[in-house]
Amino acid sequence: MRVMRVIIIVAGLAILGALASAGLFMLRRDSRKQGAESRMAWALAVRVGLSVSLFLFVLLAYWLGWIEPTGLPLGR
């Protein structure tokens with residue numbers, strides 16, 4: 001269980017990092033440079049790919065029994 005938590009946290013941080021880099025490319029966009037827009041699009045594509053991969057990994061882990069739903073505690 002602990003390994004799964006670490007994998008999900010690392011993947012989440014990678015997704016946030018890709019989103020932050022796309023934001024930086026957008027903010028530092030210079031009208032003279034055409035490469036910044038392609039780098040921003042590439043960073044967003046990486047973010048989407050990582051998000052889909054994480055979702056599929058969680059589904060696979062559930063299907064294989066590596067993780068189990070625990071439900072929400074109701075305060076009892």
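Select Met-4 to begin: leaving aside neighbours within four places in sequence, this residue is in contact (heavy atoms within 4.5 Å) with Phe-57, Ala-61, Trp-66 and Ile-67. What is on display is a predicted model, in which local features need pLDDT of at least 70 and side-chain atom pairs count only at pLDDT 80 or more, while totals for chains, interfaces and linings use all residues. Residues are numbered from 1 along each chain as its sequence is written, and side-chain values use heavy atoms, with hydrogens and water left out.

Stay with Met-4, which is found in helix H1 and, at 10% relative accessibility, counts as buried; here buried means under 20% relative accessible area, exposed means over 50%, and partly exposed is in between, with a 1.4 Å probe and protein chains only. Add Val-58 to the selection: its C-alpha atom is separated by 9.0 Å from that of Met-4, although the two residues are 54 residues apart along the chain.

Next, select Phe-57 and Trp-66, two of the residues in contact with Met-4. The structure holds one aromatic pair, and Phe-57 and Trp-66 form that pair, with 6.5 Å centre to centre and 50° between the planes, a tilted arrangement. For such pairs, rings of Phe, Tyr and Trp (its six-membered ring) must have centres within 6.5 Å, and planes under 30 degrees apart count as stacked, over 60 as edge-to-face and the rest as tilted. Phe-57 is partly exposed, with a relative accessible area of 24%, and Trp-66 is partly exposed as well, at 45%.

Now display helix H1 as a whole, residues 2-27. Helices (H or I, at least four residues) and strands (E, at least two) are DSSP runs numbered from the N terminus, and the chain has two helices and zero strands. The 26 residues of H1 should span 38 Å at 1.5 Å a residue, and the end C-alpha atoms are 37 Å apart, which agrees; the expected span is 1.5 Å times one less than the number of residues.

Which residues of H1 are buried? They are Met-4, Ile-15, Ala-18 and Ala-22. Select Ile-15, which at 14% relative accessibility counts as buried and which touches Arg-47, Leu-50, Ser-51 and Leu-54, not counting residues up to four places away in sequence. The C-alpha atoms of Ile-15 and Ala-43 are separated by 9.7 Å, with their positions 28 residues apart along the chain.

Turn then to the surface and select Ile-9, Leu-13, Leu-16, Leu-19 and Leu-44, which make a nonpolar patch of about 470 Å². H1 gives the most to this patch, with four residues. Leu-13 lies in helix H1 and is exposed, with a relative accessible area of 56%.

Finally, show the whole chain, where buried residues make up 13% of the 76 residues. Residues 24 or more positions apart account for 58% of the contacts with a separation of 6 or more.

Terms used. Patches are made of residues with over 30% relative accessible area and no salt bridge: like charges are joined within 9 Å, nonpolar side chains (Val, Leu, Ile, Met, Phe, Trp, Tyr) within 5 Å. Accessible areas come from the Shrake-Rupley method with a 1.4 Å probe; for residues, only the protein chains shown count as cover. A salt bridge is a side-chain nitrogen of Lys or Arg within 4 Å of a carboxyl oxygen of Asp or Glu.
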